[in-house]
There are 2 protein chains.
Amino acid sequence: METAVIGLGTMGMGAALNLQRKGFAVTGCDLRGPARDELAEAGGKVVARAVDLPGNLEVVLIFVVNAAQAEAVLFGAEGCAGKLAPGTVVISCTTMAPEAAKALGARLAEADLLLLDAPVSGGASGARAGTMTVMASGPEIAFAKSEPVLTAIAGKIWRLGAAHGIGSTVKMVNQLLAGVHIAVAAEALALGIRAGAEPATLFEVISSSAGSSWMWQNRVPHILAGDDTPLSAVNIFIKDLGIVLDQARALTFPLPLAACAHQLFLAAAAHGEGSKDDAFVIRVWQALTGIALPDRAIA
Amino acid sequence: METAVIGLGTMGMGAALNLQRKGFAVTGCDLRGPARDELAEAGGKVVARAVDLPGNLEVVLIFVVNAAQAEAVLFGAEGCAGKLAPGTVVISCTTMAPEAAKALGARLAEADLLLLDAPVSGGASGARAGTMTVMASGPEIAFAKSEPVLTAIAGKIWRLGAAHGIGSTVKMVNQLLAGVHIAVAAEALALGIRAGAEPATLFEVISSSAGSSWMWQNRVPHILAGDDTPLSAVNIFIKDLGIVLDQARALTFPLPLAACAHQLFLAAAAHGEGSKDDAFVIRVWQALTGIALPDRAIA
């Protein structure tokens, strides 16, 4: 089966390498030479511009940064939509507003192309292992045609219905929760430190209590280790919670906690932490109150 | 070993019944006749006023509602502190501000009495089963003397240090996280419903994703079942987040997310939901936006 992956970042590279390894014909597309080199070394074909992709593709996966880039690689001056055969399946794995996913589906339908609205999660390790989670909605025929591709890249495929926008909605709700959980983990840990609790013990107790969350267990160890190397950066949640808040504003829907968490990530970025690990939103409290955070040299 | 349990609510009754079952001499103290009757039927002794407790107690457990009540049952006109022998251990399981726990420890020390600052969690089922979690700090001698009692009532005993206030600090941090996680679960589910996601599917996807929390998994099913019978009520989190915010204000420590969640529980109570299950803070969004929540009759 002839496939393409547009956008060879962490998640896209993981998808492309799994397809290559599992016997699919893969062409990767990325402006960045080192990304193309990595896939080429694994045996894949590569191009720099979407317009240069092969014309006989059956499934095109899109892993770009946002809705505007997804539009550009399909319908821009150097986009590929014009050369795709009718019935080709486009799988959009980019996090975008549900309204943007619906608009993309409508525009592709005009060109007789099929869309799966299919955001992903699972992080770098899941992408490389071929076990990412896909939250997908779209027409049944699109699922049927792309089944082997989805199975090759994902450990879990959620089939969320025929309408575009549902996949992106579920992803949006997940990002809302994830962002607030990171910010409140920082707020709570900071209070505990200020009140005299030993951070590592506090982490251990809460992790086995009703106050725990996936993000508490995943992110607090970064703070305890004093390691702000970004696995996912503060700026990513400024972007993702921004998408959530923009979409909710369009729906006239109030999100006080998401808005508050967004402000805390903005405060961290204002303090110079934008490119640091997102758990270091806790430096907002450090800067304001002078609490001592665990030191990498000591940890 | 001669023990007493003051306050036979859900958690106190669980502790008293486990002590009785495991061979301790237990006297329960509660103003409420039905609570006394339940323990008496199980073979325990009972009194209505703390001043009427036996004089030969070795360990006194306090499960009252707040710090003021704990002070009253010890040092009030009908309190028991005056009749306790020097060296008796008082285990305070009440959720209170760390400063209140420190003050209680100091006042007991003046009377040659020992305090464990030992808030609990684990809910009704854990209390009855003798598997509640105890987050305790206090002098080593107090731990040593009360070891058999703690083992009889708890599945997990955290020993958090010698200083009073640490147990209460850890509990405070847990309640901060728990309260925010309930409120953001409601906010996120409400947005998902408004954006067109199917609530039960959304619950299932998020429960296995990075947006999950202990509270998401525990409370969202109440909403899906349309069952607002209070396992823990909106008013409890108005109280507990109020303790957290008061304590943080005393430390000049900003908690924007906890303050926002507190306002949401207050909004729910203003709308008449104070005595309903805490997950029904989601009715704030129902009232404002008209979203349809799952119906108990349909579910």
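This section describes the confidence, the chain contacts and selected elements of a predicted two-chain model.

The model is predicted. It scores ipTM 0.89 and pTM 0.89. Chain A averages a pLDDT of 95, and 99% of its residues score at least 70.

The contact between the chains involves 51 residues of chain A and 51 residues of chain B. On the chain A side, several elements each supply at least two residues: strand S8 (132–136), helix H7 (166–194), helix H8 (199–207), helix H9 (214–224), helix H11 (256–270) and helix H12 (283–289). The largest share, 17 residues, comes from H7(A). By class, the side of chain A that touches chain B has 35 nonpolar, 14 polar and 2 charged residues.

Helix H11 of chain A is one of the contributors to this side. H11(A) has 15 residues. From first to last C-alpha, the helix reaches 21 Å, close to the 21 Å expected at 1.5 Å a residue. Its buried residues are A:Leu257, A:Ala258, A:Cys260, A:Ala261, A:His262, A:Leu264, A:Phe265 and A:Ala268. These residues pack against elements of both chains. Within chain A, the partners are H7, helix H10 (234–250) and H12. From chain B, the partners are helix H7 (166–194) and helix H11 (256–270). A:Gly272 follows H11(A) and has a positive phi, near 100°.

Helix H8 of chain A also supplies residues to the side that touches chain B. A:Pro199 lies in this helix. A:Pro199 counts as partly exposed because it has 19 C-beta neighbours inside 10 Å, whereas a buried residue needs 20 or more. Leaving aside neighbours within four places in sequence, A:Pro199 is in contact with A:Leu189, A:Gly192, A:Ile193, A:Leu224 and A:Pro294. A:Ile223 lies 24 residues from A:Pro199 along the chain, and their C-alpha atoms are separated by 9.3 Å.

Helix H1 of chain A spans residues 10–21. At 1.5 Å a residue, its 12 residues should span 16 Å. The end C-alpha atoms are 17 Å apart, which agrees. H1(A) is mostly covered, with 10 of its 12 residues buried. The buried residues are A:Met11, A:Gly12, A:Met13, A:Gly14, A:Ala15, A:Ala16, A:Leu17, A:Asn18, A:Leu19 and A:Gln20. Just after H1(A), A:Gly23 takes a positive phi of about 95°.

In chain B, strand S5 (residues 89–92) is covered on both faces. In a regular strand the side chains alternate between the two faces of the sheet. B:Val89 and B:Ile91 are buried on one side of S5(B), and B:Val90 and B:Ser92 are buried on the other.

S5(B) pairs with strand S4 (residues 59–62) of chain B. The two strands run parallel and are joined by 4 bridges. B:Leu61 has B:Ile91 as its bridge partner in S5(B). The chain crosses from S4(B) to S5(B) through helix H3 (residues 67–75), and this β-α-β crossover is right-handed.

S5(B) also runs parallel to strand S6 (residues 114–117) of chain B, with 4 bridges between them. Here the bridge partner of B:Val89 is B:Leu114 in S6(B). The path from S5(B) to S6(B) passes through helix H4 (residues 98–110). This β-α-β crossover is right-handed.

Terms used: Residues numbered from 1 in each chain as written. Chains lettered and ligands numbered in written order. Predicted model: local features only at pLDDT ≥ 70, side-chain atom pairs only at ≥ 80, totals over all residues. Pairing = 2+ DSSP bridges. Right-handed = clockwise from strand over helix to strand, strands pointing away. Expected span 1.5 Å × (residues − 1). pLDDT = per-residue confidence, 0-100. Contact = placed C-beta atoms within 7 Å. Nonpolar A, V, L, I, M, F, W, Y, C, P; charged D, E, K, R; others polar.
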